[in-house]
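Student: I would like to learn how the words used to describe a protein structure are justified. Could we go through one structure together, slowly?

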Amino acid sequence: MNTNTKVFSLLGAFLVFLSMACDPCDDPGVVEIDFSDTSFPEVYWQVTTTSVTPGGIASSISLITTPGQTISMATNETVELELIGTDNQSGIKWMDIEGGFGYTCQQGNQAFAFSGIVPGNKIFYGQAETECGTAEANYPVFLIDGSSFCNSPGQSLTEGGYSLLGSANNNVDLTSGIDLQVLIVPASGS
């Protein structure tokens, strides 16, 4: 075997080793997309509630995995809603939160009603390689601060809430959604 053949053999072995070491789907949290996947992504809410009370700060975390649930929060609480999508067969392609809100403030014998929309804003989780997908994705936290409602002097909240729909789409274009109602009530003693 001459020197050129040895060099090319070693170079070929190195390139084979390098191509095996650079599998783009071998990263943690990444899956190889199964383009024959017929399953929908799983999507759920992680709810973190923080309350400020005379005794200090209290916090709790819960998961909402069933559509159509309602949670309540008081005006002395902050709620962080995190939408999480998982798909171990074809990965998460995008996620979105949209919906609306409304609340009524009382000041003396006058009531003031406010409402608005939460516009959708799709966040894409694409990989550089089209054969790989993100197995689990988190949409940026949606924060509701109860103290921000009816906080002008002499005003008090009579009722309020949000209606939200979170969605996750996988890399074979199957979409799952989970809706959530958030009721906002006056804090005890308000």
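**From value to term**

Tutor: Let us begin with the largest nonpolar core, which has 30 residues, and within which Trp45, Leu81, Ile144 and Tyr162 have the most contacts. Several strands supply at least two residues each to this core, among them S2 (42–53), S5 (77–86) and S12 (155–170), and the largest share, five residues, comes from S6. Please keep in mind that this is a predicted model.

Student: Which residues does tyrosine 162 touch, if residues up to four places away in sequence are not counted?

Tutor: Tyrosine 162 touches Gly100, Phe101, Val118, Phe142, Ile144, Phe149, Leu180, Gln181, Val182 and Ile184.

Student: What makes cysteine 25 and cysteine 132 a disulfide?

Tutor: The sulfur atoms of cysteine 25 and cysteine 132 are 1.9 Å apart, and the cut-off for a disulfide is within 2.5 Å, so the pair qualifies as one. By this rule the count comes to two disulfides.

Student: Why is the disulfide of cysteine 25 and cysteine 132 called left-handed?

Tutor: The torsion about its S-S bond is about -95°, and therefore the disulfide of cysteine 25 and cysteine 132 is left-handed. Cysteine 25 lies in the loop between helix H1 (3–21) and strand S1 (30–32), while cysteine 132 lies in strand S9, so the pair ties together parts that are 107 residues apart in sequence.

Student: How do you know that cysteine 105 and cysteine 150 are joined by a disulfide?

Tutor: The reasoning again sets a distance against the cut-off: the S to S distance of cysteine 105 and cysteine 150 is 1.8 Å, and a disulfide needs the sulfur atoms within 2.5 Å. This link is left-handed, with -85° about the S-S bond. Cysteine 105 lies in strand S6 and cysteine 150 in the loop between S11 and S12, so this pair ties together parts that are 45 residues apart in sequence. Both cysteine 105 and cysteine 150 are buried.

Student: Why is asparagine 88 called exposed?

Tutor: Asparagine 88 has a relative accessibility of 55%, and exposed means over 50%, so asparagine 88 counts as exposed. Asparagine 88 lies in the loop between S5 and S6, and it touches Val31 and Ala135, not counting residues up to four places away in sequence.

Student: What makes aspartate 173 and lysine 93 a salt bridge?

Tutor: The closest N and O atoms of aspartate 173 and lysine 93 are 3.0 Å apart, and a salt bridge requires such atoms within 4 Å, so the pair satisfies the rule. Aspartate 173 is in the loop between S12 and S13 and lysine 93 is in strand S6, 80 residues apart. A search of the whole structure finds one salt bridge.

Student: Are aspartate 173 and lysine 93 buried or partly exposed?

Tutor: Aspartate 173 has a relative accessible area of 48% and lysine 93 has 28%; partly exposed is the range between 20% and 50%, so each of them counts as partly exposed.

Student: How do you know that glutamate 82 has no salt bridge?

Tutor: The nearest side chain of opposite charge, lysine 122, is 20 Å away from glutamate 82, whereas a salt bridge needs the atoms within 4 Å, so glutamate 82 has none, although it is buried. Glutamate 82 lies in strand S5, and a polar contact of 2.7 Å joins its side chain to that of asparagine 138.

How values were computed
Residues numbered from 1 in each chain as written. Predicted model: local features only at pLDDT ≥ 70, side-chain atom pairs only at ≥ 80, totals over all residues. Heavy atoms only, no water. Core = buried A, V, L, I, M, F, W, Y, C linked by side-chain atoms within 4.5 Å. Buried < 20%, exposed > 50% of the residue type's maximum accessible area, 1.4 Å probe, protein only. Helix = DSSP H or I, 4+ residues; strand = E, 2+ residues; numbered from the N terminus. Contact = heavy atoms within 4.5 Å. Lys, Arg positive; Asp, Glu negative; His and termini not counted. Polar contact = N/O pair within 3.5 Å; in protein donor to acceptor, adjacent residues only side chain to side chain.
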